[in-house]
Amino acid sequence: MIQFKNVSKWYGDYLALDDINAQVKQGEVIVVCGPSGSGKSTLIRTVNRLEPIQKGEIYVDDTPVHTCRSIDELRSHIGFVFQQFNLFPHMNVLDNLMMAPVMLGRMNKKQAQESAETLLERVGLSHKAGAFPAQLSGGQQQRVAIARALAMRPRIMLFDEPTSALDPEMVNEVLLVMKSLAKDGMTMVCVTHEMNFARDVGDVVWFMDAGKIVETAQPEQFFTQPASDRARKFLSDIKH
C-alpha cells in the first residue's frame with residue numbers, strides 16, 4: 001500500500017532521509033524505531049506530504065504522493081495521529097470528529113454524527129461526546145485524536161509517537177486502541193518507543209539510524225538477534 005523508492009530529504013545541508021527503499025503491505029503493522037534524530041518522524045510525515053522530499057518517489061495505492069493533484073484527496077485516505085493530539089480546543093469531542101467528514105463532503109451531518117458516536121464507543125469515550133479537549137486527560141485526548149483520524153475511514157493509519165506526551169499510566173489506554181485496530185486488519189505505520197507494543201503487535205520492525213533504514217526484521221528476530229551493531233546498542237540502552 002505504501003512504497004518508498006530511493007527517497008532522500010534534506011533540511012538545508014542536513015540529510016534527514018538517505019535513499020530509503022521500503023514497502024508496506026496491506027494489513028501490515030510496521031513499527032519504526034531508532035534513536036532520536038534518526039529520521040523516523042520525518043519518514044512517516046512524507047507519506048501524506050506533511051514533509052516534501054527532494055529525491056525519489058513515494059506511492060500510496062499506486063498514487064504518486066508528491067506529484068498528485070489533490071493533497072486533500074490523498075490525505076482523506078490516510079489517518080495521522082500526532083504526538084500532541086492537535087484537537088480543536090473550541091469544539092467539543094463530537095464536533096472534532098464530525099468536522100472533516102462534513103466539510104470534505106464525505107457525509108451529511110446525520111451520518112457524521114452516527115459515525116462519530118460509533119467511533120467514540122469504540123475508543124471507550126461515548127460519555128465524553130459533549131466535553132471539550134481541556135476537560136480530558138492526555139490519554140483521553142489521544143483516543144479522541146485516533147477516533148477523529150478514523151472518522152474519514154482511512155485505508156492507512158500513521159502514528160507519530162502517539163504516547164510520548166502521555167504520563168505512564170495513560171500510555172496503555174492508547175496502546176489498547178491501537179492494538180484493536182491492528183487486530184481488525186488496519187494497515188499501520190507506527191513510530192514509537194514502546195518496545196512491548198512493537199514486539200506484541202508489529203509485523204515488521206524498521207530500525208532507523210542517521211536517515212537510513214538500517215535493519216528490517218520481524219519483531220522476534222529483531223529483539224532476540226538484531227543484525228546490526230547499532231540496533232544491538234539501541235536495545236541495550238533501552239534495557240538499561
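Trainee: What makes S6-S7-S8-S3-S9-S10 an open sheet, and how is the pairing described?

Mentor: In this predicted model, 6 strands line up in that order with mixed pairing. The ends are strand S6 (78-81) and strand S10 (212-217), and each of those edge strands pairs on one side only. Neighbouring strands are turned by 15 degrees against each other on average, direction ignored.

Trainee: How do you know that S9 and S10 count as paired?

Mentor: Two strands pair if there are at least two bridges between them. Strand S9 (residues 204-209) is joined to S10 by 5 bridges, so the pair qualifies. The two run antiparallel. One of the bridges links Met 208 to Ile 213 in S10.

Trainee: Which helices lie across these strands?

Mentor: Helix H5 (residues 138-150) lies across S6 and strand S7 (156-160), at about 170 degrees to S6. Angles over 145 count as roughly antiparallel, so H5 and S6 are roughly antiparallel. Helix H9 (residues 229-239) lies across strand S3 (29-33), S9 and S10, at about 100 degrees to S9. That value falls in the 65 to 115 range, so H9 and S9 are roughly perpendicular.

Trainee: Why are H3 and H5 called roughly parallel?

Mentor: They pack at an angle of about 25 degrees, with their axes 8 Å apart. The cut-off is under 35 degrees, so the label for H3 and H5 is roughly parallel. H3 passes H5 in a right-handed crossing.

Trainee: Which residues meet where H3 packs on H5?

Mentor: From H3 you have Val 93, Asn 96 and Leu 97, and from H5 Val 144, Ala 147 and Arg 148. The buried residues of H3 also pack against helix H4 (109-122). In helix H3 (residues 93-103), the buried set is Val 93, Leu 94, Asn 96, Leu 97, Met 98 and Pro 101.

Trainee: What makes Asn 92 a cap for H3?

Mentor: A side-chain oxygen of Asn 92 lies 3.2 Å from the backbone nitrogen of Leu 94, at the N-terminal end of H3. A polar contact needs N or O atoms within 3.5 Å, so this pair makes the cut. Just after H3, Gly 105 takes a positive phi of about 75 degrees.

Trainee: Why is Ser 8 called buried?

Mentor: Its relative accessibility is 3%, and buried means under 20%, so Ser 8 is in. Ser 8 sits in strand S1 (residues 2-11). Leaving aside neighbours within four places in sequence, its contacts are Leu 15, Leu 17, Asp 18, Asp 19, Ile 53, Gln 54 and Lys 55.

Trainee: And what makes Arg 45 partly exposed?

Mentor: Arg 45 comes out at 22% relative accessibility. Buried stops under 20% and exposed starts over 50%, so Arg 45 lands in between. This residue lies in helix H1 (residues 40-45). Beyond four places in sequence, Arg 45 touches Leu 50, Glu 51, Phe 80, Phe 82 and Asp 160. Arg 45 and Phe 159 are 114 residues apart in sequence and 9.6 Å apart in space, C-alpha to C-alpha.

Trainee: How do you know which label Tyr 14 gets?

Mentor: Use those cut-offs again: with a relative accessible area of 45%, Tyr 14 stays out of the over 50% class, so Tyr 14 is partly exposed. You'll find Tyr 14 in strand S2 (residues 14-24). Not counting residues up to four places away in sequence, Tyr 14 touches Lys 9 and Gly 37.

Key:
Residues are numbered from 1 along each chain as its sequence is written. This is a predicted model: local features need pLDDT of at least 70, side-chain atom pairs count only at pLDDT 80 or more; totals for chains, interfaces and linings use all residues. Side-chain values use heavy atoms; hydrogens and water are left out. Helices (H or I, at least four residues) and strands (E, at least two) are DSSP runs, numbered from the N terminus. Axes are lines fitted to C-alpha atoms, for helices over the stretch in contact, and angles run from 0 to 180 degrees between N-to-C directions. Contact means heavy atoms within 4.5 Å. Buried means under 20% relative accessible area, exposed over 50%, partly exposed in between (1.4 Å probe, protein chains only). A polar contact is a pair of N or O atoms within 3.5 Å; within protein, one must be able to donate a hydrogen and the other to accept it, and residues adjacent in sequence count only if both atoms are side-chain atoms. A crossing is left-handed if the near helix is turned anticlockwise from the far one by less than a right angle, and right-handed if clockwise.
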